[in-house]
Structures are given as C-alpha cells and as structure tokens.
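Hi everyone, thanks for coming. I'd like to walk you through one structure today, a few residues at a time.

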Amino acid sequence: MAEKLVRTSYLDVTGQPRQGSTALRESRVDVERYVRPLMNAHSATLHQWGICSGLGVSAMVGSASVRVATGVAVDAEGRHVLLAAGGSAKLEDQTLVSVVDIGVVLPTDGLSGSLVVTIAWAETFDKAGFQASQAFLMMETPLLRFRPADGFQDSGAELVLAQIQVDGTGKVTALSAQRRRTAAIAVDRVEFRAPGVTTTAGVTSVDHRVTATIAVRPDGALTASTKFHAPQGIQLSDAVGLAARSGALAVSGPLKVPGGVPDGLVVRDSAGVDAVLGESATRRGVFGLSHAELHPGVLGVNDNQSAKPGPGVWGKSGAVGVLGESDDWFGVFGTSPNGTGAGADGATGFSGVGRKWIGVYGETHAPANVGSAGVWGDGLNAGEGVKGVARGTGKAAVAAVHLGTGPAVFAQGRPAGVFSGDVEVRGRLTKTLLNFRIDHPVDPANRYLNHSAVESDEMKNVYDGVVVLDDAGAAVVELPSWFEALNTEFRYQLTALGTAAPNLHVAEEISGGRFAVAGGPAGAKVCWLLTGVRHDAYARANPLRVETEKEGDERGNYLHPDAHGEPAERAVPFAVSTRTRADLPDGG
C-alpha cells in the first residue's frame with residue numbers, strides 16, 4: 001500500500017475509484033472501511049439539499065458582473081460543493097478561474113433577462129498533478145453558471161444562489177433571493193436561516209442569516225435563542241421553558257402576538273366572552289407600545305348600546321392604571337359610542353377634572369412635522385376642535401407658551417383666525433397684507449368696504465391737520481407733549497385751500513412741541529401733513545431690517561408660491577402636520 005489515497009476529495013460519490021488511476025484502485029479498502037460509513041451517516045442526517053454557509057451573491061446595480069463569495073453547499077446527491085479561497089472554479093465555457101478571498105467575479109456581458117446564478121458539483125482533470133506524478137487525478141472544481149429563470153428545474157443538481165435581472169446591455173438591474181435555500185447540520189442545536197437581500201453603499205447582496213436556534217439544555221429541555229413561534233401566532237420571546245400549572249400555561253418571558261395574525265391574542269372568560277384583565281399593585285395594569293404608523297399603543301372599544309355602557313379602556317394600578325406609548329400617533333385611543341372615558345366617542349370626547357392642579361395635561365417628545373401634539377382636538381362635524389372657557393379675571397381661556405423659538409400658536413384655515421373683540425399684540429407684528437373691512441356706509445346690509453394700510457420701509461408715523469393763518473399770513477401748529485419723544489426725522493407738506501400761496505413755507509421746524517408756518521395770504525386755511533420715524537425705546541431695541549436673507553428650508557421657497565406661478569410644494573415649510581384623526585385607518 002505504498003500509494004495510499006492521495007486526496008479523498010478525488011473519490012466518486014459512490015465510493016468507487018476512478019478508472020485508470022492506479023493510486024485510487026489500490027485504496028479501495030480504505031474507501032469501504034472509512035469513507036462509505038461516513039457518507040451513509042451524512043445521508044441519514046441531512047434531510048434536504050441546499051447552502052450550508054457562505055456563497056452569498058452581491059452586485060452593484062448598473063455593473064456588468066456579480067460576485068459569488070466563498071462557501072459550502074450540498075447537492076441532492078449528498079455531495080459537498082466547496083468554493084474555497086486558493087482553489088478553482090469552472091465557468092460555463094469550461095474556463096478555470098482562481099478563487100480568491102472575496103470569492104469569484106462572474107461577468108454578465110452578453111446576457112439579458114431574468115437569470116439564476118447556480119453552483120454545481122464538478123471535476124477537472126489535474127494536469128499539473130499528472131505531469132508531476134504521472135497519476136490520473138481529478139480535482140473537485142465547482143461549476144458556476146447563469147441559467148434562464150424561466151423553465152429552470154430546481155432539482156438540487158444545481159444549487160440556486162440568487163436570481164438577477166440583466167438589461168439588454170448586460171448590466172445588472174435587480175438582485176433577489178428567490179429559489180435560494182439552505183441546509184444546516186448541527187450536533188447540539190438546530191439553526192434556522194432565512195434568505196435576505198441587503199444594500200450597503202450601493203452594493204446589493206443576497207445571503208443567508210441565522211434567524212433562530214433551538215438548543216438542548218443539560219436537563220434535556222429545549223431553549224429557543226430568540227423567539228418561539230407557536231402555530232396560533234403566539235410568540236414567546238427569550239423563553240426558557242413552558243410549564244402547565246393547574247391547567248394554566250405559564251410563560252417565562254414576555255408574551256407577544258405578531259401583527260400578521262388577523263385576530264391577535266384572544267382571551268375568553270368562562271362564559272366564552274372575550275376579556276383581558278391587567279391589574280398591578282406596584283407597576284402597570286396594562287401597557288401598550290406601538291411603533292407602527294397611525295396605530296395606537298392600546299385600542300379599547302365598547303360598543304354596548306345599553307344605558308350604562310362600560311368604558312373603552314379600564315386600567316387599575318397602584319402606579320399607572322393605563323399607559324400607552326406610541327412613536328408616531330396616539331399612545332392610548334379608545335372609542336365608546338355611548339359613554340365617557342379616555343378618548344371616548346360620545347357626548348364627551350374626553351373629560352379631565354383637576355381639583356388641585358391640571359385637568360388635562362398633554363406632552364409629546366416626537367419630532368416636528370409628524371402630526372405630534374401634546375393635546376389634539378378634532379371637531380369633525382360642527383363642534384370646535386379645542387375649546388377653552390375661563391371665568392377668572394385676568395385669566396386666558398386658552399394659553400399657549402413656547403419655550404423655544406417657534407410660535408406659541410399656529411393656525412391654518414380660511415380664515416386662519418377670527419377674533420370677536422379687541423386684540424392686543426405685545427411685540428412685532430409681521431404680516432403679508434393688512435386690510436380693514438367694514439359694513440359699506442352706503443349699503444351696509446349687502447356690501448363690504450375694504451381699504452389697505454399704508455406701507456413704508458421705515459417705522460413711519462403720519463399726522464395731519466388744518467390751521468388758519470393770521471393777519472400776517474402766519475400760524476403756529478401745536479403738537480402733543482409726547483410727539484418729540486416718539487418721533488424724529490420729520491417731513492412737512494403744506495397746502496393752501498381756495499387760494500394760491502406760492503410763498504407758503506415752514507417758518508420754524510419742530511421744537512418745544514410746535515412748528516410754525518408763514519408766507520401765506522391772511523386768513524387762509526392751510527392743510528399740513530407731517531411724518532416722523534419712531535425712535536422710542538422699543539423701536540430702537542427692535543429696528544426694522546428692510547432686506548433679509550432666507551435661511552435653511554426657507555431658501556428656494558416662497559411665502560406665497562401661487563403668486564409667483566410656483567406649485568404649492570414650494571411653500572416655505574412649517575413644522576406642523578395637518579393630519580386629523582379622520583386620517584386613521586378603520587379600527588385605529
């Protein structure tokens with residue numbers, strides 16, 4: 001037995017030696033004694049063919065190639081198909097390529113349509129070995145090919161690694177995990193793997209990931225590493241075991257119901273009625289957490305039509321009766337057509353009474369422009385969305401305070417606000433257009449009269465009046481005592497009535513609360529117009545900036561895009577969502 005088996009990988013899967021190889025013929029005894037028992041055990045252990053590890057496929061959309069990573073698979077005949085760094089692989093045209101650490105790159109030039117990337121067990125005659133030892137040796141060299149997806153027979157002779165879409169120029173346009181399947185063997189545990197597609201830095205990859213394992217504990221019990229999915233849809237996260245106690249099922253770990261189960265978790269009492277009771281003396285009676293868009297953390301519905309219907313949601317606890325938390329919409333939302341309760345629909349939407357402090361308090365930490373609100377009120381039919389009534393002297397019916405730099409109140413509508421009574425503004429008033437509207441003096445019952453205010457690039461005040469000249473053709477105009485404290489940079493206009501006054505002029509400028517005119521006809525009436533620019537303390541502290549640059553999201557957008565022929569999407573953004581509860585899907 002001088003020439004023992006050179007490489008067991010040269011053997012046929014049946015264990016028969018290759019014809020024409022002296023070295024392999026002489027090692028027949030070794031095959032029967034050692035190799036075949038291992039192969040039979042392997043065949044009994046493996047229940048299906050597929051990919052054991054690695055062999056991921058990746059490509060950048062728009063490129064003319066895909067990359068197959070190193071790895072191991074098993075075909076339908078139980079043969080291991082190994083793509084390893086330092087080895088070789090065979091292409092469709094029988095060309096041999098070297099396998100490097102990152103795998104093998106397969107060009108897609110000249111291909112098009114929907115294709116599958118496959119790997120299959122194959123051999124290649126070892127020319128170098130023959131030249132060195134004059135022995136006919138065959139090397140295992142996996143075969144990598146592109147096959148048309150339509151009509152491909154997925155029998156296990158060729159293992160599908162991924163499915164790709166190639167355009168008419170040979171460029172990859174899509175990559176998916178269709179038809180990829182795995183096979184895993186473990187001694188003390190079972191691994192569950194799932195195909196997946198990921199995209200990183202523009203490169204899309206198809207691979208397998210371990211989703212869960214079931215392992216055997218020393219006492220013989222099974223442990224699920226992540227979560228156990230029962231047939232009826234109940235998930236036991238981090239469960240260490242299930243036990244029956246007095247006919248009840250005890251779960252060690254949180255009990256969850258996946259969103260894909262139509263009816264979720266249903267608990268029925270002894271009378272067969274659906275009922276869930278959550279009660280705690282130290283923490284939470286019921287806890288609801290939602291990460292889904294437009295879905296509440298806890299939804300409670302009571303549609304009883306009797307005179308005394310129950311609440312939509314009832315929670316009893318020494319700490320928190322009901323706690324609802326949502327990353328996007330309502331933390332707790334309940335509907336009860338006939339009653340009053342937390343978030344109830346009926347005579348009262350929500351009732352909060354604070355005998356010592358706050359009746360209703362709302363707080364949100366959600367980001368802007370996602371519909372977040374500390375308190376949200378919808379008047380869906382004819383009622384007010386939010387209504388505040390105050391009876392204390394000097395107290396606001398609705399008070400809004402913003403601790404940052406945004407507005408305390410944002411209103412949107414046609415009109416955005418209606419004030420019936422006096423309005424006081426303690427600060428700068430910035431507006432796009434300022435009008436007054438009154439009942440028309442000539443036809444007050446049927447028409448309005450509208451005027452626009454005077455605009456200026458200064459904080460300008462306008463004053464006017466009429467003065468009668470004395471026998472010398474002069475007059476003094478008296479001004480209020482506060483005039484010079486409020487104004488500066490005066491401008492004058494004089495107009496004589498009923499007669500020409502070419503020499504009419506301002507004889508003395510404003511000083512000491514007066515100015516003088518002269519040069520007119522004796523006894524003539526003179527209209528005077530005087531303007532000044534504010535220079536009081538508040539005006540000096542808050543000067544008017546006539547031209548300013550748009551910043552951030554304002555830049556490139558318009559306050560009134562329609563006036564500039566631009567679409568509504570070009571409006572200067574403001575972080576307030578206009579969604580209402582009517583936007584919720586049926587059932588919350």
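Let's start with Gly465, which counts as partly exposed because its relative accessibility is 21%, where buried would mean under 20%. Before I go further, please keep in mind that this is a predicted model. Gly465 belongs to strand 31, which covers residues 460–468. What does Gly465 touch, once we leave aside its neighbours within four places in sequence? Its contacts are then Val526, Cys527 and Trp528. There is also a C-alpha to C-alpha distance for you: Gly465 and Val477 are 8.9 Å apart in space, with their positions 12 residues apart in sequence.

Now over to Ile119, in strand 9, residues 113–120. Buried or exposed, what would you say for Ile119? Ile119 is buried, because its relative accessibility is 0%. Leaving aside neighbours within four places in sequence, Ile119 has contacts that include Leu55, Val81, Leu83, Pro142 and Glu158. Several more leucines are on that list, among them Leu143, Leu144, Leu159 and Leu161. For another C-alpha distance, take Ile119 and Leu91: they are 28 residues apart along the chain and separated by 9.7 Å.

Leu55 came up just now as a contact of Ile119, so let's stay with Leu55, which is buried at a relative accessible area of 0%. You'll find Leu55 in the loop between strand 1 (50–54) and strand 2 (57–60). What about the backbone? The phi of Leu55 is positive, near 60°, and this residue is not a glycine. For context, most residues other than glycine have a negative phi.

Glu489 is another one to look at here, with a positive phi of about 50° although it is not a glycine. Where is Glu489 placed? Glu489 is in strand 33, residues 487–497. As for its surroundings, Glu489 counts as partly exposed, because its relative accessibility is 43%.

Next, a loop residue: Thr182, between strand 14 (172–176) and strand 15 (189–200). Thr182 is buried because its relative accessible area is 14%, and the cut-off for buried is under 20%. With neighbours within four places in sequence left aside, Thr182 is in contact with Gln48, Trp49, Gly50 and Ile51, and also with Arg193 and His208.

Trp49 turns up again in a charge-over-ring arrangement. The charged end of Arg181 sits over the Trp49 ring, 4.0 Å from its centre. A further example is Arg437, which lies over the face of Tyr448 at 4.4 Å from the ring centre.

While we're on rings, how many aromatic pairs does a search of the whole structure find? The search finds six aromatic pairs. There is also a cluster in which ring pairs link Tyr463, Trp482, Phe483 and Phe490. In general, a pair of aromatic rings is described by the distance of the centres and the angle of the planes.

Last stop, the surface. Phe419, Val423, Val425 and Leu429 make a nonpolar surface patch of about 440 Å². Val425, one of these residues, lies in the loop between strand 28 (332–335) and strand 29 (435–439). Val425 counts as partly exposed because its relative accessibility is 47%, and exposed would need over 50%.

That's my tour, and I'm happy to go back to any residue you'd like to see again.

Conventions. Residues are numbered from 1 along each chain as its sequence is written. This is a predicted model: local features need pLDDT of at least 70, side-chain atom pairs count only at pLDDT 80 or more; totals for chains, interfaces and linings use all residues. Side-chain values use heavy atoms; hydrogens and water are left out. Helices (H or I, at least four residues) and strands (E, at least two) are DSSP runs, numbered from the N terminus. Buried means under 20% relative accessible area, exposed over 50%, partly exposed in between (1.4 Å probe, protein chains only). Contact means heavy atoms within 4.5 Å. Patches are made of residues with over 30% relative accessible area and no salt bridge: like charges are joined within 9 Å, nonpolar side chains (Val, Leu, Ile, Met, Phe, Trp, Tyr) within 5 Å. Accessible areas come from the Shrake-Rupley method with a 1.4 Å probe; for residues, only the protein chains shown count as cover. A salt bridge is a side-chain nitrogen of Lys or Arg within 4 Å of a carboxyl oxygen of Asp or Glu. Rings of Phe, Tyr and Trp (its six-membered ring) pair if their centres lie within 6.5 Å; planes under 30 degrees apart count as stacked, over 60 as edge-to-face and the rest as tilted. A charge sits over a ring if NZ of Lys or CZ of Arg is within 6 Å of the ring centre and within 35 degrees of the ring normal.
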